[in-house]
Amino acid sequence: MFGTSGIRGPVGETVTADLALAVGRAVGIDADSAVVGRDPRESGRLLTDALTAGLRESGTDVFDLGLAATPTVARAVGWHDADAGISVTASHNPAPDNGIKLWQPSGQAFDEAARETITRRVREDETDLQAWDSLGDRTRTDAAERHVESLVEAVSIDDPLSVIVDLGNGAGGVTVDALQALNCKVETLNAQPDGGFPGRPSEPTAENCGSLRTLVETTDADLGIAHDGDADRLRAVTGAGEFLSGDELLALFAREAVARSDVDEPRVAVPVDTSLAVDDALAPLGATVTHTKVGDVFVAERATESDVVFGGEPSGAWIWPDETLCPDGPLAACRLAALAAERSLDERAGEIETYPIRRANVETTEKAAVMERVEERVLAEYDDVRTLDGVRADCGDAWFLVRASGTQPLVRITAEARDEARAGEVFETVREIVVDAEN
């Protein structure tokens with residue numbers, strides 16, 4: 001039921017009021033109180049009502065934040081001394097979708113064991129419904145102001161700068177308020193919350209953020225920030241209008257976190273599809289990466305380990321475990337602004353070595369069988385192989401990853417090397433392995 005980052009899918013098909021009610025009842029079995037919030041999608045109102053009904057039927061008191069960024073919901077669980085948090089959001093997915101994401105009091109997403117428990121309860125219709133005089137209450141509250149205060153306490157900017165924030169018609173207004181509180185000059189794009197995402201698609205990719213890039217490049221702005229619908233993701237544009245890759249951002253954030261830490265041998269948690277650029281950027285600082293499965297849930301789990309000072313995904317999820325275990329787009333925006341205020345992002349990004357990377361998809365209706373045959377062959381032919389999430393082989397000067405899509409009939413191939421010719425060679429070799437396995 002849960003993907004790599006919560007429940008998601010088309011409204012009326014995968015995601016329904018029945019499902020929201022069932023999830024509320026399942027969470028309510030263990031929770032005396034819960035925090036609930038939603039992104040701007042119109043279906044969120046209906047789903048939040050159903051979810052809240054399930055919680056209250058179970059005797060759970062609900063703190064309803066209304067429209068709220070997902071990191072605000074995650075942080076508010078601890079602030080309200082609640083037992084769980086629930087975001088009604090499809091994050092960066094398109095407008096027809098919605099979803100549900102569950103949070104622990106620490107701000108960390110529900111781990112695998114907790115997700116499995118909720119899944120079992122929903123499938124088996126396990127409930128603990130209460131009598132009429134023991135139903136939970138629903139209280140309307142707000143946590144945005146406290147989120148802003150937390151960001152201002154965590155970040156200092158000595159030389160305030162000009163920032164353009166593209167909210168993507170989402171729920172990330174906290175970023176604007178926090179940057180203004182840090183004395184930055186802020187202009188906004190697509191700032192009106194609208195679950196139809198009329199300004200641009202919710203996912204903040206380079207292709208979708210053309211207006212932001214143009215506006216930053218043609219004005220005196222020092223930085224451009226882009227969020228998805230629930231503001232758990234952040235992508236960025238330099239003052240010269242360059243859209244930074246996720247790996248470049250990951251390297252920049254990781255280097256800053258390592259420099260601030262007092263850990264002897266710090267590690268940075270990253271998914272298995274992360275570029276060698278991050279390894280190489282951290283090596284001079286005495287830091288290393290530790291690989292996780294793809295998904296911010298898994299990065300957050302690894303970030304609970306004491307020597308992990310930062311966790312990030314090239315897709316735009318950034319986690320500072322000393323602040324919170326949820327991907328916090330507004331925190332990332334403030335930290336990036338602080339970096340840009342000290343030294344331009346163009347200059348910083350220029351110090352990050354990037355390498356050729358090749359990607360492709362192979363369509364197949366037999367993903368499991370193909371992956372089984374790929375794994376068998378790669379284990380037989382390569383020495384350094386990990387099967388944490390798909391099959392990844394490290395070849396010293398290159399690596400490749402073969403991984404089944406979690407939502408589509410595809411097997412995904414990624415290959416990277418420090419040399420263009422070598423990247424192409426490794427890519428063609430692994431593609432042949434996958435095609436042979438598919439046939």
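F310 is buried in this predicted model, with a relative accessibility of 0%. W318 comes out buried too, its relative accessible area being 0%. These residues belong to one aromatic cluster, made up of F253, F310, W318 and W320.

Across the model, the count of aromatic pairs comes to 6. Take F310 and W318: their ring centres are 6.5 Å apart and the planes meet at 15 degrees, so this pair is stacked, given that planes under 30 degrees apart count as such.

Rings also turn up with a charge over them, as the table shows.

| Charged residue | Ring | Distance to ring centre |
|---|---|---|
| R392 | W399 | 4.1 Å |
| R418 | Y355 | 5.7 Å |

Now for the sheet. It's an open one with 5 strands, running in the order β15-β19-β18-β17-β16 with antiparallel pairing. The edges go to β15 (357-363) and β16 (385-386); each has a single partner strand, so one side of each is left without a neighbour in the sheet.

Further in, β18 (residues 398-404) and β19 (residues 410-417) run antiparallel and are joined by 7 bridges. Across that pairing, F400 faces A415 of β19.

Two helices pack on the sheet. Helix α13 (residues 367-381) touches β16, β17 (391-394), β18 and β19, and its direction makes about 155 degrees with that of β18. Helix α14 (residues 420-438) touches β15, β18 and β19, and its direction is at about 160 degrees to that of β19.

Conventions: Residues are numbered from 1 along each chain as its sequence is written. This is a predicted model: local features need pLDDT of at least 70, side-chain atom pairs count only at pLDDT 80 or more; totals for chains, interfaces and linings use all residues. Side-chain values use heavy atoms; hydrogens and water are left out. Rings of Phe, Tyr and Trp (its six-membered ring) pair if their centres lie within 6.5 Å; planes under 30 degrees apart count as stacked, over 60 as edge-to-face and the rest as tilted. Buried means under 20% relative accessible area, exposed over 50%, partly exposed in between (1.4 Å probe, protein chains only). A charge sits over a ring if NZ of Lys or CZ of Arg is within 6 Å of the ring centre and within 35 degrees of the ring normal. Two strands pair if DSSP finds at least two bridges between them. Helices (H or I, at least four residues) and strands (E, at least two) are DSSP runs, numbered from the N terminus. Contact means heavy atoms within 4.5 Å. Axes are lines fitted to C-alpha atoms, for helices over the stretch in contact, and angles run from 0 to 180 degrees between N-to-C directions.
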